[in-house]
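This report describes how helices and strands are arranged against one another in a single chain. The sequence and the structure come first, and the description follows.

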Amino acid sequence: MSALADLINLDLSDSTEKIIAEYIWIGGSGLDMRSKARTLPGPVKDPSELPKWNYDGSSTGQAPGSDSEVILYPQAIFKDPFRRGNNILVMCDAYTPAGEPIPANKRHAAAKIFSDPSVAAEETWYGIEQEYTLLQKDIKWPVGWPVGGFPGPQGPYYCGVGADKAFGRDIVDSHYKACLYAGINVSGTNGEVMPGQWEFQVGPTVGIAAADQVWVARYILEGDWNGAGAHTNYSTKSMREDGGYEVIKKAIEKLGLRHKEHISAYGEGNERRLTGKHETADINTFVWGVANRGASIRVGRDTEQAGKGYFEDRRPASNMDPYTVTSMIAETTILWKP
């Protein structure tokens, strides 16, 4: 076992300029992640230096067997916390050989919105709160829950301290450090209201980079995010300047007018979470408020007092596609004309 550990931790830079690049992409379900590695002749600093690659789309539910080749376009680079050294993780999106984005490629459409001059001028900031639940090995039952039973009621677990309240902290801290090593702008983490449930926050990060970073943070954790939320904090340059509170209120009004469209794109199974109970608004109702965690949109007390700042869209599910959610919020609040 020690020999295997030595090989896993082997630093290639001592003997070769070559590096390993792990190409990552989103599979056919829109939720599963896939990856494969290739050797490159030397260190790389920008995605434009990376070659495009291909994979068998018929094995990922993304192409027929008779025409199975799908092309990977490198889009963002991160340091690899597993292999370390000069090795990298590469977030990619996927295209047909003719250069058309495949249906699972939500990044392509998001990039168009974020590259619009009106959106780019607003310097959209996002802070995404990714909730997830750790499951016990070999059984789909949360860590810290008695097998076949239930823990005590919520109350002591949120931001809880101690072995009887914070379950899986070693995994959480390992993920936290791995993300920071990779260059992901993780701003914090905390235990959630249910034992075994945790959250990490990515941001503030500008534009499409926020979605790239959430996907790579998910890759590092490699989990299933259904059943929890991914609250998305958002601001534009106009919202952060004096008089921004009026801009925020107008943006929220527009989000309310497109509530159904947003809900339909905010993650599968969201109706099981947005019940109107447990700090959520009912899925069919749009409501906003200051410091109200039972609202669709929450405005912080500090934002109200300062007259500028940001707001939180509490509707996205934990399994949402961050490319879709971030770009849709920008499109509705900046580009869409009621």
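In this predicted model, helix α7 (residues 244–257) lies across the strands β10, β11 (297–299) and β12, and its direction is at about 170° to that of β11. A second helix, α4 (residues 169–182), lies across β6 (125–133), β7 and β8 (197–206), running at about 175° to β7.

The strands named here belong to an open sheet of seven strands with mixed pairing, in the order β7-β8-β6-β9-β12-β11-β10. The edges are formed by β7 (186–191) and β10 (288–290), each of which has a single partner strand, so that one side of each is left without a neighbour in the sheet. From one strand to the next, the twist averages 20°. Strands of a sheet pair through backbone hydrogen bonds, in either a parallel or an antiparallel sense. Within this sheet, strand β9 (residues 232–235) and strand β12 (residues 311–313) pair in the antiparallel sense over three bridges, and the bridge partner of Tyr234 in β12 is Phe311.

Helix α10 (residues 322–335) takes part in two helix packings, with α5 (residues 208–221) and with α7, as set out below.

| Helix pair | Axes come within | Crossing angle | Handedness |
|---|---|---|---|
| α5 and α10 | 9 Å | roughly 160° | right-handed |
| α7 and α10 | 9 Å | roughly 115° | right-handed |

The axes of α5 and α10 cross at roughly 160°, and the two helices are therefore roughly antiparallel to each other. Their contact is made by Ile208, Ala211, Asp212, Val214, Trp215 and Arg218 of α5 together with Pro322, Tyr323 and Thr326 of α10. By character, the residues of this contact of α5 with α10 divide into six nonpolar, one polar and two charged.

For α7 and α10, the axes cross at roughly 115°, which makes α7 roughly perpendicular to α10. Here the contact involves Ala251, Lys254 and Leu255 of α7 and, on the side of α10, Thr332, Thr333 and Ile334. The residues of the contact of α7 with α10 divide into three nonpolar, two polar and one charged.

Turning to annotation, an unreviewed UniProt entry places the feature "domain: GS beta-grasp" at residues 19–99. In the model, the span of residues 19–99 is 0% helix and 48% strand, and its end C-alpha atoms lie 28 Å apart.

How values were computed. Residues numbered from 1 in each chain as written. Predicted model: local features only at pLDDT ≥ 70, side-chain atom pairs only at ≥ 80, totals over all residues. Heavy atoms only, no water. Axes fitted to C-alpha atoms, helices over the stretch in contact; angles between N-to-C directions. Helix = DSSP H or I, 4+ residues; strand = E, 2+ residues; numbered from the N terminus. Parallel < 35°, antiparallel > 145°, perpendicular 65-115°, else oblique. Left-handed = near helix turned anticlockwise from the far one by under 90°. Contact = heavy atoms within 4.5 Å. Nonpolar A, V, L, I, M, F, W, Y, C, P; charged D, E, K, R; others polar. Pairing = 2+ DSSP bridges. UniProt positions renumbered as here; feature names shortened; annotations may be inferred.
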